[in-house]
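Hi,

Here is the structure I promised to pass on to you. Have a look at it first, and then read my notes below on a pocket and some helix packing.

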Amino acid sequence: MTRELTEIVVVGDDDTGLIAEITSTLFERNINIEDLDQAVREGVFRMTMRVDTSEMIVKEETLRENLHELGDELGVDVQVRFPDDRETQQIAVLVTKESHCLEAIFEAWASGNLGADVEVVIGNHSDLEPLAEKYDVPFHDIGDEKGTPDEGELLDLLDEYDTDLVVLARYMRILSPDVVFRYEDRIINVHPSLLPAFPGASAYMQAIEEGVRIAGVTAHYVTTDLDQGPIITQRAFNVPDDATEEELQQIGQPLEAEALLEAIDLHLNDEVTVHRGRTKLRDSEGTDAQLGAPKDLEQANPDRPIDGLGEYVADQDDDEENETEAEAEADD
């Protein structure tokens, strides 16, 4: 969501007439739709709109109430987020058992470098509850004895804590469209590979088995397609010969935390936007961010040869040019 536009998200069972009902309501209140996107996955309908409410003829709270009432009539959930809803955004962190990313988030928050408040930690296991207690943050275990999460409870918690951004800090479960659609471009995950390579489970072991020399990590927005959401930041590292999965984890986990924090920072500062499945910096010149490899790597890379710039090719081009000029003079 940009700072100027209001975001409206509609999620529910797919049915005819939903779009017309909601867009008509906006038109009647002098609200201009700047962007509209819709999708249906597994029978779940999602429509995301970014609208200009600067000249609407009702108050913000009235519009929110009107849309919630309309949603109840249509049997869908409607969320409205105005640009000035709050100065400090609220983060919900989802975890399983690995602590390194959650620890990095807490340390950044405690030092005043996060730019948002960590309101709640939600796990599908209770292993990291002591870490949340250390920072006096509520912890909710929504998993059963096998770690299967109750997504209804998850949605209730995200609503209760008025969540702006959902961060998957090595949360080892796939989110359903019912969750993803409600938080479009507001869920960030970190994956231990250079996506799109090695999606899914055991990414470090996949890298070992495929014999790659360079592996890495990726922070990305979550979509309904597993590990295929728009990439925000990446980090890379060399894979030692005969490395074990545990050794790659020791190399990769600090980079996972770093890439995730960078992605969170870019999102919270509204410095990154998504267009056609690819992220872009709103101000590439004015934003200080390491999206990929460090600049030192660029300096280490060779700058030649490049097609058409080699001496032999250049000489050939000169000869052809001279021949063309000579033929032209002969014709004259």
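Let me start with the second largest pocket, which has a volume of about 510 Å³. Please keep in mind that this is a predicted model. Its lining takes in 28 residues, and those nearest the centre of the pocket are Tyr171, His191, Gly200, Leu226 and Asp227. Three elements give two or more residues to that lining: β9 (187–191), α7 (203–210) and α8 (245–268). The largest share, four residues, comes from α8. If you care about the chemistry of the lining, by class it has 12 nonpolar, nine polar and seven charged residues.

Two of those pocket elements, α7 and α8, also pack on each other, at an angle of about 125 degrees and with their axes 9 Å apart. Angles from 65 to 115 degrees would count as roughly perpendicular and those over 145 as roughly antiparallel, so α7 is oblique to α8. The crossing is right-handed. On the α7 side, the contact is made by Tyr204, Met205 and Ile208, while α8 brings Glu245, Leu248, Gln249, Gly252, Gln253 and Glu256. That contact divides by class into four nonpolar, three polar and two charged residues.

Helix α8 has a further partner in α3 (residues 100–110): their axes lie 9 Å apart, at an angle of about 50 degrees. This pair, too, is oblique, and α3 passes α8 in a right-handed crossing. Here α3 contributes His100, Cys101, Ala104, Ile105 and Ala108, and they meet Gln253, Glu256, Ala257, Leu260, Leu261 and Ile264 of α8. By class, there are eight nonpolar, two polar and one charged residues in the contact of α3 with α8. You may like to look at Gln253 and Glu256 of α8, which appear in the contact with α7 and also in the contact with α3.

The last pair is α1 (residues 18–28) and α2 (residues 60–74), whose axes come within 11 Å and cross at roughly 160 degrees. Since angles over 145 degrees count as roughly antiparallel, that is how α1 runs relative to α2. Their crossing is right-handed. From α1, the contact uses Leu18, Glu21, Ile22, Thr25 and Leu26, and from α2 it uses Leu63, Leu67, Leu70 and Leu74. Seven of the residues in this contact are nonpolar, one is polar and one is charged.

Happy to talk any of this through with you.

Best wishes

Key. Residues are numbered from 1 along each chain as its sequence is written. This is a predicted model: local features need pLDDT of at least 70, side-chain atom pairs count only at pLDDT 80 or more; totals for chains, interfaces and linings use all residues. Side-chain values use heavy atoms; hydrogens and water are left out. On a 1 Å grid over the protein atoms alone, a cavity is a set of points where a 1.4 Å probe fits but cannot get out, and a pocket is an open set with protein on both sides within 12 Å along at least five of seven lines; lining residues have an atom within 4 Å of a point. Grid points are joined across faces, edges and corners, and a volume is the space filled by probe spheres set on the points. Ala, Val, Leu, Ile, Met, Phe, Trp, Tyr, Cys and Pro count as nonpolar, Asp, Glu, Lys and Arg as charged, and the others, Gly among them, as polar. Axes are lines fitted to C-alpha atoms, for helices over the stretch in contact, and angles run from 0 to 180 degrees between N-to-C directions. Angles under 35 degrees count as roughly parallel, over 145 as roughly antiparallel, 65 to 115 as roughly perpendicular and the rest as oblique. A crossing is left-handed if the near helix is turned anticlockwise from the far one by less than a right angle, and right-handed if clockwise. Contact means heavy atoms within 4.5 Å.
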